Amino acid sequence: MPNISKIFERCIYKQLYSYFDTILSHLQCGFRKGYSAQYCLLVLVEKCNSILDKGGQCGAVLTDLSKAFDCLPHDLLIAKLQAYGLDKSALNLLNSYLSNRKQRVKINTEYSSWGEMAFGVPQGSILGPLLFNIFICDLFMFMPNIDIANYADDNTPFSTKSNLNDVISELQEAADLLFTWLKNNAMKANTDKSHLLLSQTSEIKTQIYDEEIINNNCEKLLGIKIDSRLRFDEHVKSLCSKANQKLSALARLSSLMTFNQRKLIMNAFIKSHFSYCPLVWMLHSRKLNNRINKIHERSLRLVYRDYNSSFNELLRIDNSRTIHQTNLQKLMIELYKIKKGIAPTIISNLFELVELPYNLRNDLKIKSGNTNTVFYGTESLSFIAPRLWNRLPNIYKTANSLKEFKLKIKDWQCDSCPCRLCKTYIPQLGFL
């Protein structure tokens, strides 16, 4: 794409986005400001936790699209833009942007003839992702009663029901609707690459849009390994393994690096492994939390060349927090957004704000519902987050802006978190 075209694209993008931001479904998390893959996954995980806590069942169908951005038909996109209310001059402008683009293939030294592109959005463009979001927006109108986790071209219908048969039946219906919409909109789905994930660990076969698939105990969705019991052990083990590899490399080369270089490597290649969608998997086992802390401790020793101080002393020297404490701070930031009304609807719907009968500067609390089980109930994010927020001192809650809150929360050390990772464990007595 020529650089000069991106200036015009940016101008068109701002106008289009401001118009379509209220039209796009609140479930669309890809290529939107303020939305993230973490929100998409959190909704899926917390809804599954909720039904499992009540003794129900859940499941999801992970679908795969073939070259989604290259299959988008221009004429159908223009028709949809017209249906959404764009006038003739705007349609002509966007049609001009998409049309008269050509491509050819080179094999060794031979070239094919030029062919005009009637499908797809230009790669590397500013408008391309937004146009794709607009194109698939009516998918959610086509499936109004189906839960679906969407991020760009990743569409994962999921179901939460009281029994497994109802879950499978709803997933079959959702898959039929999804693949029918894709077929009617000239998009190609790889049905043979669909995966089934159920809360039952036993092998179950089912028919999903003419393809027989078997449920797996663990599947990767948007870079996160989700297991049937929502433990996230496999995912955290994978993160620790990758971080350990980078840590070994740092140990071999640390003597050749300056302090700033060692710290940069630690932050960019070791701690960064634990920064992607942390709220999804942060409530893992204590054993894995100890493993993460060991990696963090060893990396700090290499950076500061300090082999005598304790882990807590190293954290004070580094002016940092443990990975879990950092994740708790990130959780508070999300809850602050919800309280201020600046969080997307998709994440706000997970929590319920409660107005207090008396007038205070901090007159909103977050409601925490009742639970029936330990792991899916009291150890779920939707249960712990409100309790943690309601215990947060008002000095943090009364911040006037998100920027101010982020600066303040960095100094917060949570000493009363109700999760099992923060509780003291005494053998033969349990968690205190």
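Which residues does Phe119 touch, not counting residues up to four places away in sequence? Let's start there, hello everyone. On this predicted model, Phe119 touches Asp70, Cys71, Leu72, Pro73 and His74. You'll find Phe119 in the loop between strand S5, residues 115-116, and helix H5, residues 127-136. Is Phe119 buried, partly exposed or exposed? Its relative accessible area is 43%, so Phe119 counts as partly exposed. And here is a distance to try on screen: Phe119 and Glu219 are 100 residues apart in sequence, and their C-alpha atoms are 31 Å apart in space.

Now let's move to the helices. Please find helix H11, residues 286-304, and beside it helix H9, residues 259-270. Their axes come within 8 Å and cross at roughly 160°. Angles over 145 degrees count as roughly antiparallel, and therefore H9 is roughly antiparallel to H11. As for handedness, H9 passes H11 in a right-handed crossing. Which residues meet here? From H9 come Phe259, Arg262, Lys263, Met266 and Ile270, and from H11 come Ile295, Ser299, Leu300, Leu302, Val303 and Tyr304. Sorted by class, the residues of this contact between H9 and H11 are eight nonpolar, one polar and two charged.

Stay with H11, and look for helix H8, residues 233-253. How do the axes of H8 and H11 cross? They come within 10 Å, at an angle of roughly 15°. Angles under 35 degrees count as roughly parallel, so H8 is roughly parallel to H11. This time the crossing is left-handed. On the H8 side, the contact is made by Asp233, Val236, Lys237, Cys240, Ser241, Ala243, Asn244, Leu247, Leu250 and Ala251. On the H11 side, the residues are Leu288, Arg291, Ile292, Ile295, Arg298, Ser299 and Leu302. By class, the contact of H8 with H11 has 10 nonpolar, three polar and four charged residues. If you compare the two lists, you'll see Ile295, Ser299 and Leu302 of H11 in the contact with H9 and also in the contact with H8.

One more residue before we leave H8. Ala249 lies in this helix, and it is partly exposed, with a relative accessible area of 24%. Ala249 and Ile265 are 16 residues apart along the chain, and 10.0 Å separates their C-alpha atoms.

Our third helix pair is H13, residues 323-340, and H16, residues 381-391. The axes come within 10 Å and cross at roughly 80°. Angles of 65 to 115 degrees count as roughly perpendicular, so that is how H13 sits relative to H16. Leu328, Leu331, Met332, Leu335, Tyr336 and Lys339 in H13 meet Leu381, Ala385, Leu388 and Trp389 in H16. What is the make-up of this contact by class? The contact of H13 with H16 has nine nonpolar residues, no polar ones and one charged.

While we are on H13, please click on His324, which belongs to that helix. Buried or exposed? With a relative accessible area of 5%, His324 is buried. If we leave aside its neighbours within four places in sequence, His324 is in contact with Met282, Asn289, Cys419, Leu421 and Cys422. One of these, Asn289, falls within the residue range of H11.

Another buried residue is Gln38, whose relative accessible area is 11%. Look for Gln38 in helix H2, residues 37-53. What does Gln38 touch, not counting residues up to four places away in sequence? The list is Cys277, Pro278, Leu279 and Val280. With Leu279 we can be more specific: its backbone nitrogen lies 3.0 Å from a polar atom of the Gln38 side chain.

Let's finish with backbone angles. Most residues other than glycine have a negative phi. Now look at Lys67, where phi is positive, near 50°. Lys67 is found in the loop between strand S1, residues 57-62, and helix H3, residues 74-83. With a relative accessible area of 61%, Lys67 is exposed. Asn108 also has a positive phi, near 60°. Asn108 lies in the loop between strand S3, residues 106-107, and strand S4, residues 110-111. Is Asn108 buried or exposed? At 69% relative accessibility, Asn108 counts as exposed.

Thanks for listening, and please do turn the model around for yourselves!

Definitions and conventions
Residues numbered from 1 in each chain as written. Predicted model: local features only at pLDDT ≥ 70, side-chain atom pairs only at ≥ 80, totals over all residues. Heavy atoms only, no water. Axes fitted to C-alpha atoms, helices over the stretch in contact; angles between N-to-C directions. Helix = DSSP H or I, 4+ residues; strand = E, 2+ residues; numbered from the N terminus. Left-handed = near helix turned anticlockwise from the far one by under 90°. Contact = heavy atoms within 4.5 Å. Nonpolar A, V, L, I, M, F, W, Y, C, P; charged D, E, K, R; others polar. Buried < 20%, exposed > 50% of the residue type's maximum accessible area, 1.4 Å probe, protein only. Polar contact = N/O pair within 3.5 Å; in protein donor to acceptor, adjacent residues only side chain to side chain.
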